[in-house]
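Hi,

Here is the structure I promised to pass on. Please open it alongside this note, and my findings follow below.

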Amino acid sequence: MKKSGHLYNHKISLGEILGYIPDEELCLLSDQTHVDYCSKVLSGKLMFYLLIYGLLRVPRLSQRGLSEAFGSPFFRSIFHYKGKGTISHSAISQRLGVINVDFFERAYSSIYTYFSSLYTKKEVANLYLERVDSTLVRDVSNRLKEGLSSGNAAAKRKLLKFTINFDGMFGSLARVHKENTYLSESVALPENILSHIKKHPDHARVYIIDRGQSSAEAFKEMKNQKGLLFVGRLQDNRKLKVIEESSVQGVCFESGRLLFDQDVKLYKKVKEVGKNGKEVNRQQVVEELFRVIRFLPQGAEKPITLITNCFDMSANEIALIYKRRWDIEVFFRFLKQELNFSHFLSLNENGIQVVLYMTLITAMLVMIYKRENLLGYRSAIRRMGIELEHLVLAIMVIQSGGDLKKTDLHYP
């Protein structure tokens with residue numbers, strides 16, 4: 001849709017994107033999940049739209065900010081809400097704590113399936129790439145009851161770990177971790193990867209992970225999962241048992257200087273009781289074959305060591321795939337800086353999951369707007385806000401017949 005005058009020329013408008021949200025599907029999910037049971041005001045669908053509005057329009061979003069957004073004529077007009085005029089922030093807090101998370105998870109899954117069908121995921125060598133990584137969000141108020149422990153005894157804070165799969169356009173899977181065992185990426189990342197491939201076995205996918213996942217047993221489990229390919233990173237000093245080495249002489253490699261390309265087996269640490277009765281660590285070979293390539297990137301001082309189960313690709317293709325891992329770092333920065341993901345809107349586990357799914361849904365809307373209009377993240381958010389205001393004003397003018405005194409704006 002083209003706009004002229006002082007507005008921007010857009011290929012797609014915010015109104016069109018909001019129209020993609022399957023309202024009938026939300027109504028069906030409301031019935032199936034019983035999300036509105038015992039709710040007089042904040043239905044699942046209303047909370048859904050309120051959170052989208054708040055994430056797009058309220059800086060440093062809070063429960064009080066949501067309360068103010070609920071009573072604004074802008075929110076009420078754009079989503080055609082004619083009910084109760086105000087609601088307290090405590091009521092929002094209470095509702096977030098008990099509302100059925102399944103409604104939001106299934107809404108996210110439905111919208112992701114629809115939006116992802118509009119965009120190709122084939123990026124390198126006609127493969128579907130999934131970047132998988134984690135980010136931590138700390139409770140600065142120290143009121144989070146459950147979470148991972150961090151810091152020393154004097155400055156201890158609770159935090160939550162969010163592990164997300166990113167397909168290059170949208171967040172495709174997300175989990176919240178509060179148990180200390182998930183501080184290890186060797187636990188968090190493989191769990192997300194294996195869960196995702198079981199849900200999407202239709203295409204061979206390459207999962208891109210950083211060196212936080214170092215478990216030899218986890219690499220083995222991923223390799224043995226049908227349709228699952230991965231490219232990860234190893235510490236350069238990782239002990240390897242070389243089975244076969246390919247010549248790197250004359251190999252076309254665009255990412256720097258290829259140092260070696262080997263088929264290897266990994267070692268893992270095992271504990272045994274020594275002769276003196278004390279536990280000792282020793283290295284044990286894991287009987288599974290992997291491929292490891294090491295290269296020195298152009299202009300870099302230190303090499304990069306990659307591990308993969310992609311034996312049929314060139315070393316150059318594997319290096320190019322790993323370069324796409326950085327996309328998820330950019331995505332995390334967008335979530336935290338532009339969509340308020342750097343702090344907790346709710347300190348309740350139920351509410352945290354609801355906000356996670358709604359953040360990822362809102363991110364989908366922004367990513368489509370950003371891509372179709374050739375914008376950056378910040379510009380997309382800003383222009384969506386401008387369009388939202390113009391859209392609301394247009395609705396109000398139509399509804400009032402041109403007399404804004406008849407609207408909720410209360411002009412003098």
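S2 and S6 pair in the parallel sense, over 4 bridges. This is in a predicted model. S2 covers residues 127-138, and S6 covers residues 205-208. One residue pair to pick out is Tyr128 with Arg205, its bridge partner in S6.

S6 also joins S7, residues 228-234. Those two strands run parallel as well, with 4 bridges between them. Arg205 turns up again here: Leu228 is its bridge partner in S7. Between S6 and S7 the chain goes through helix H9, residues 216-223. Together, S6, H9 and S7 form a right-handed β-α-β unit.

Now the side chains of S6. In a regular strand, side chains alternate between the two faces of the sheet. Arg205 and Tyr207 point one way from S6. Val206 and Ile208 point the other way. Is this set of four buried or exposed? All are buried.

Back to S2, and one residue in particular. Thr135 sits in this strand. Its relative accessible area is 8%. The cut-off for buried is under 20%, so Thr135 counts as buried.

What does the Thr135 side chain make a polar contact with? The partner is the side chain of Lys336, at 2.6 Å. Setting aside neighbours within four places in sequence, Thr135 is in contact with Leu160, Lys161 and Phe162. The list also includes Phe332, Lys336 and Phe341. Lys336 therefore appears both as a contact of Thr135 and as its polar partner, with Thr135 itself buried.

Best wishes

How values were computed:
Residues numbered from 1 in each chain as written. Predicted model: local features only at pLDDT ≥ 70, side-chain atom pairs only at ≥ 80, totals over all residues. Heavy atoms only, no water. Buried < 20%, exposed > 50% of the residue type's maximum accessible area, 1.4 Å probe, protein only. Polar contact = N/O pair within 3.5 Å; in protein donor to acceptor, adjacent residues only side chain to side chain. Contact = heavy atoms within 4.5 Å. Pairing = 2+ DSSP bridges. Right-handed = clockwise from strand over helix to strand, strands pointing away.
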